[in-house]
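Here are my notes on this one, as numbered points. Have the model open while you read them.

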Amino acid sequence: MGSIATASVDAVKPPGMPVSEHPAYRYFVLALFTLTLMFSVADRLVLSILLQDIKAEFALSDSQLGLLAGFAFTLFYVVAGFPMARLADRANRKTIVAAALGFWSLMTAISGLATGFWSLFLARIGVGMGEGGSGPSSQSLLADYFRPGELPRAMGFLTLGSTIGTAFGLMAGGLFASLYGWRMSFILLGLPGMLLALILYLTVREPQRGRYAQGGTQSAAQKPVGETIRSLLGNHVYLGLITGYAVQIMIGYAIAIWMAPIMLRTFDLPTRDVGFYLGLAFVLGGIPGPILGGIASEWLARRDIRWFAWVPGLAGILCLPPLWASLSATAFWPFLGLFALAYALFLTGQAPILSSIQNNVLPSERGFAVAFALLFNNLIGQAFSAAAIGRLSDHWTQDF
């Protein structure tokens, strides 16, 4: 499937009105998965606001902090993603998401019990392993709740989970660290995810796989892994999407991991205020960005389907000038305002990319396609960029 197909699929409607087809229930499921993504990102990025406290207690270098924030999480996030993605393409996806959510939430809480670099490193590995099972199943399942023409908008709302999770992780982590210390921040952020996992397991229904796809449910039968890989590698639209997304996501991970330490080192602010103001910037820029990106790409693609790729490309370019100006600012409020603008522009590309990936692969490939995309995103975007920036920071500390 080398081209984006939407309109013809919208005409396919399942007989009757099952529960999973009811608009209110579909958006209830979308809300639960948005919350799941929120806790995923919050549990992943709360480490950012706690890095300075952890550095002081364990006497770590910026290179070690980069390993904790990037490599420890990312390696096993990617490794766990592939077997869980294969399972997602044939097994009950909501059960996979619920189990993954419960496990990574537990490991987040255990991070608060770390006694040094290696115990915290192992706990972050556990968080990565848990979160690796969520993304492929979540996105694959939503593609069976929303028709292809509706999917960009649904993915736009799903992406809000990332934005809200970033803000929530920073705000709550900064507040909890100020009140109770960095260890309790991990524990208090891990506990609610376990409750959400139970709610998701009890209330979400597994929809019929591939019901909106070209070829119908016949295209949902899982093929051997080698055939699946060959199919994805031969899909030029898919390869273009995930390659561009990986390069672009380097910006997002660099912002998410290092912006809090930059603020703490540049401005005379306590950790709690940095968490609040940085979280506020993520909210102000991050809520309108993905929604507008989903709506705009959906509208523009009716005139030319290539807008599903052009919108993310423009977003990656247009966000750079205000980001550069933000990092060059010496006053706090210009820094914060320019950063919020850059973040909003950056996130307009998320919804069209995620929906296009789902719409351009077979239902039997959706989970594996997401895992393959996450391999690029996390190895290039998170592991490489976090570690590289930490190394460059150590190298240039005396000059800058």
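1. Let's start inside, with F73: this residue is buried, at a relative accessible area of 1%. Buried here means under 20% relative accessible area, exposed means over 50%, and partly exposed is in between, with a 1.4 Å probe and protein chains only. F73 sits in helix α3. In sequence F73 and A256 are 183 residues apart, and their C-alpha atoms are 14 Å apart in space.

2. Before going on, the ground rules: this is a predicted model, where local features need pLDDT of at least 70, side-chain atom pairs count only at pLDDT 80 or more, and totals for chains, interfaces and linings use all residues. Residues are numbered from 1 along each chain as its sequence is written, and side-chain values use heavy atoms, with hydrogens and water left out.

3. Now Y253, which belongs to helix α10 (residues 236–266). At 11% relative accessibility, Y253 also counts as buried. Its C-alpha is 17 Å from that of F76, with the two positions 177 residues apart in sequence numbering.

4. What does the overall fold consist of? The protein chain has 17 helices and zero strands. Both are DSSP runs numbered from the N terminus, helices being H or I with at least four residues and strands E with at least two. The radius of gyration is 20 Å, close to the 21 Å from the globule rule for 400 residues, so the chain is as compact as a globular protein of that length. (That radius is taken over C-alpha atoms, and the rule is 2.2 Å times the number of residues to the power 0.38.) Along the principal axes, the C-alpha trace spans about 60 × 40 × 40 Å.

5. On burial and contacts for the whole chain: 58% of the 400 residues count as buried. Take the contacts (heavy atoms within 4.5 Å) between residues at least 6 apart in sequence: 86% of them join residues at least 24 apart.

6. The largest nonpolar core has 106 residues, and I54, Y238 and F339 have the most contacts inside it. Such a core is a set of buried Ala, Val, Leu, Ile, Met, Phe, Trp, Tyr and Cys residues joined through side-chain atoms within 4.5 Å. Helix α2 (residues 23–58) gives the most to this core, with 16 residues. Setting aside neighbours within four places in sequence, the contacts of Y238 are L232, I357, V361, A369, F372 and A373.

7. I357 is also one of the buried residues of α16. How many residues of helix α16 (residues 350–359) are buried? The count is 10 of the 10, so the helix is largely enclosed by the rest of the structure. Polar names turn up in that list too, including Q350, S355, S356, Q358 and N359.

8. S326 is worth a click: its place is in helix α14 (residues 320–328), and it is buried with a relative accessible area of 0%. Not counting residues up to four places away in sequence, S326 touches F335, L338 and F339. The C-alpha atoms of S326 and G337 are 7.8 Å apart, with the residues 11 apart in sequence.

9. Last, a backbone check on A59. Phi of A59 is near 55 degrees, a positive value in a residue other than glycine. A59 is in the loop between α2 and α3 (62–88). Is A59 buried or exposed? At 66% relative accessibility, A59 counts as exposed.
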